[in-house]
Amino acid sequence: MSAVPRPPSVYPRALALAAHLALIVLLMALLRSPLALAAALLLFVPLPGMLRGRRYTHAWASMLLVGYCALLLANGYAQPQARALMFGLAALAAADFVGLVLYVRISAREARGAAAAA
């Protein structure tokens with residue numbers, strides 16, 4: 001029995017989901033301010049579409065993550081005592097962004113290939 005090969009879009013989608021969920025959990029667990037809680041709750045908005053694999057949701061969620069990267073980096077520079085934590089969270093947000101963008105690009109290419117084959 002030969003296994004059916006997975007489409008290449010599975011891997012960036014898994015990266016995006018894992019990084020997104022980790023970012024939510026870490027923002028809620030490590031940062032105790034009401035603003036951090038609001039930022040973590042805002043990340044729940046694209047989660048249903050990401051879980052369903054909707055390309056459009058992944059596309060606009062990537063724009064949301066750019067703001068998180070910028071704000072976490074700025075916060076890291078503004079608070080030297082929390083620099084490592086903020087830069088780590090910014091790296092996680094950047095990994096989420098990369099996964100989102102790669103999923104959109106690769107899944108669109110797969111859809112074009114499937115349409116051309118049909």
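A pocket, in the sense used here, is an open set of grid points where a 1.4 Å probe fits, with protein on both sides within 12 Å along at least five of seven lines. The model to which both exercises refer is predicted.

**Exercise 1.** Determine how much space lies in the largest pocket, which residues line it, and which helix gives the most to that lining.

*Solution.* Begin with the volume: the space in the largest pocket comes to about 300 Å³. Next, identify the lining, which consists of Leu-27, Leu-31, Ser-33, Leu-35, Ala-36, Ala-39, Tyr-68, Leu-71, Leu-72, Ala-74, Asn-75 and Met-86. Then assign these residues to elements: helix H2 (34-42) and helix H4 (55-78) are the ones that give two or more residues to the lining, and H4 gives the most, with 5 residues. Finally, sort the lining by character, which yields 10 nonpolar residues, 2 polar and no charged.

**Exercise 2.** Describe how helix H1 (residues 10-30) and helix H5 (residues 83-117) pack, and characterise the residues of their contact.

*Solution.* Start from the geometry, in which the axes of H1 and H5 lie 8 Å apart and the packing angle is about 150°. Because angles over 145 degrees count as roughly antiparallel, H1 is roughly antiparallel to H5. The handedness follows as a separate step, and the crossing of H1 and H5 is left-handed. Turning to the contact itself, H1 contributes residues including Pro-12, Arg-13, Leu-23 and Leu-30, while those from H5 include Leu-85, Asp-96, Gly-99 and Ile-106. Sorted by character, the residues of this contact divide into 18 nonpolar, 2 polar and 2 charged.

Technical notes. Residues numbered from 1 in each chain as written. Predicted model: local features only at pLDDT ≥ 70, side-chain atom pairs only at ≥ 80, totals over all residues. Heavy atoms only, no water. Axes fitted to C-alpha atoms, helices over the stretch in contact; angles between N-to-C directions. Helix = DSSP H or I, 4+ residues; strand = E, 2+ residues; numbered from the N terminus. Parallel < 35°, antiparallel > 145°, perpendicular 65-115°, else oblique. Left-handed = near helix turned anticlockwise from the far one by under 90°. Contact = heavy atoms within 4.5 Å. Nonpolar A, V, L, I, M, F, W, Y, C, P; charged D, E, K, R; others polar. 1 Å grid on protein atoms, 1.4 Å probe; cavity = no way out; pocket = protein on both sides within 12 Å on 5 of 7 lines; lining within 4 Å. Points joined across faces, edges and corners; volume = space filled by probe spheres on them.
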